[in-house]
Amino acid sequence: MDANEKIENENEDKEKSDKEKLDKEKLDLEKAAIIEKTYTCPVCDKKFHTKAVKASSAKFVATMADLRPIHSNINVTKYDAICCPNCGFSALTKNFTSSTASQRKLIREKIQTNYKSHDEVACEIYTTETAISRMKMALLCTVTKGGKDSEIGNVCLKISWLYQDLADEMPDDAPDAAAKKELYLKEADNAAMNAYERLTNARMRESFPIAGMNETTLDYLLAYYASKKGEYQTAMRLLSGVVTSKSISPRLKDKALELKEQVSQLRDQEAP
Ligand SMILES: [Zn+2]
């Protein structure tokens, strides 16, 4: 081994141990921000445990253009589905205990009878993959019980965010990194378009808050999705209401103005 080679190897080893240290720190931060909670399932009456984010422990960094929240110590969306390991009933945290008797009957008939109950899986944190399968189970149950468009749209929104998180987590040097990333982002887009459809329906038929959003926030999100779909006129119509809203936060207003600028450029490019 010549001297250069030795230095290179040492550098590689150092990079590897730095990365391991960083991973360990990230894991410790996430572990410190979660607690075990006990729930009684409204469908099968069995008690089970779930992990949840401790109140006000998530450290906010920013929201992305599609309102995906970023925190420095934990991905809160990963902990937002509650899943009963006995009967399979799953829902977003805020909807878990609010089902009606007829919805619970539907879950018993269509989910519980086909569900293989299992012991609780011991783990330190939920990985993003685990979180996606939990959220997909919540989607299946929410559709099966005939949940409102707002509730289904909210679950789809969170699935879209989680797939983007999964793409963000992919190390560039992983095998097939580019192909996998593309696949995750495609899944994110599919979920986003389902959210767009459901939340548009909810906006027409339900009262606010819808999926935890006030009118201004939801209209911004719908405008973002409309622009992604190439529906520039819809996007502009929604945005003109959003930017003139008196109740808008400065942060959302900045986002809306930026989107408006992008949409008007895209629209001009398309004009003959
Ligand atoms: Zn259950």
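The following paragraphs lead through the fold of this protein chain, from its overall architecture to its core and its loops. The model is predicted.

The protein chain contains 8 helices and 6 strands. Along the sequence these elements are arranged in the pattern α-β-β-β-β-β-β-α-α-α-α-α-α-α. The C-alpha trace spans about 70 × 60 × 35 Å along its principal axes. Of the 272 residues in the chain, 33% are buried. Among contacts with a separation of 6 or more, 62% are between residues 24 or more positions apart.

The strand region may be entered through its hairpin. Strand S1 (residues 34-40) and strand S2 (residues 47-53) run antiparallel and are joined by 7 bridges. One of the paired positions is threonine 40, whose bridge partner in S2 is lysine 47. There are 6 residues between the strands of this hairpin, and aspartate 45 takes a positive phi near 65 degrees there. Further along, leucine 67 occupies the loop between strand S3 (60-63) and strand S4 (69-71). The phi of leucine 67 is also positive, near 70 degrees, in a residue other than glycine. Leucine 67 is classed as partly exposed because 16 other C-beta atoms lie within 10 Å.

Between the strands and the later helices, serine 117 offers a useful reference point. This residue lies in the loop between H2 and H3, and it counts as exposed because it has 12 C-beta neighbours inside 10 Å. Leaving out residues up to four places away in sequence, serine 117 touches Pro85, Asn86 and Cys87. Its C-alpha atom is separated by 13 Å from that of lysine 47, although the two residues are 70 apart along the chain.

Helix H3 (residues 128-144) comes next. Its 17 residues reach 24 Å from the first C-alpha to the last, close to the 24 Å expected at 1.5 Å a residue. The buried residues of H3 are Ala131, Ile132, Arg134, Met135, Met137, Ala138, Leu139, Cys141 and Thr142. Both strands and helices contribute to covering these residues: the cover includes strand S5 (81-83) and strand S6 (90-92), together with helix H2 (101-110) and helix H4 (149-169). Just after H3, glycine 146 takes a positive phi of about 70 degrees.

Two of the buried H3 residues, Met135 and Ala138, lead directly to the largest nonpolar core. This core has 63 residues, of which Met135, Ala138, Ile159, Leu222 and Ala223 touch the most other members. At least two residues of the core are supplied by each of S5, S6, H3, H4, helix H5 (177-205), H6, H7 and H8. The greatest contribution is that of H4, with 9 residues. As a general background, nonpolar side chains in soluble globular proteins tend to be buried together.

The loops that flank H5 each contain a notable backbone geometry. In the loop between H4 and H5 is aspartate 176, whose phi is near 60 degrees, a positive value in a residue other than glycine. Aspartate 176 is exposed, because 10 other C-beta atoms lie within 10 Å. Proline 209 lies in the loop between H5 and H6. The peptide bond leading to proline 209 from phenylalanine 208 is cis, with omega near 0 degrees.

The C-terminal part of the chain may be read through alanine 223 and helix H8. Apart from neighbours within four places in sequence, alanine 223 is in contact with Ala235, Leu238, Leu239, Val242 and Leu259. Helix H8 (residues 250-270) has 21 residues and reaches 30 Å from its first C-alpha to its last, close to the 30 Å expected at 1.5 Å a residue. Its buried residues are Lys255, Ala256, Leu259 and Val263. Because these residues cover an arc of only 95 degrees around the axis, they are on the same side of H8. They pack against helix H6 (215-228) and helix H7 (232-244). The face of H8 turned away from this buried side carries the exposed residues Pro250, Asp254, Glu258, Glu261, Gln265, Asp268 and Gln269. Leu259 thus appears both among the buried residues of H8 and among the contacts of alanine 223.

Note on methods
Residues numbered from 1 in each chain as written. Predicted model: local features only at pLDDT ≥ 70, side-chain atom pairs only at ≥ 80, totals over all residues. Helix = DSSP H or I, 4+ residues; strand = E, 2+ residues; numbered from the N terminus. Expected span 1.5 Å × (residues − 1). Buried ≥ 20, exposed ≤ 12 C-beta atoms within 10 Å, placed from the backbone. Contact = placed C-beta atoms within 7 Å. Arc of directions from axis to C-beta. Core = buried A, V, L, I, M, F, W, Y, C linked by C-beta atoms within 7 Å. Pairing = 2+ DSSP bridges.
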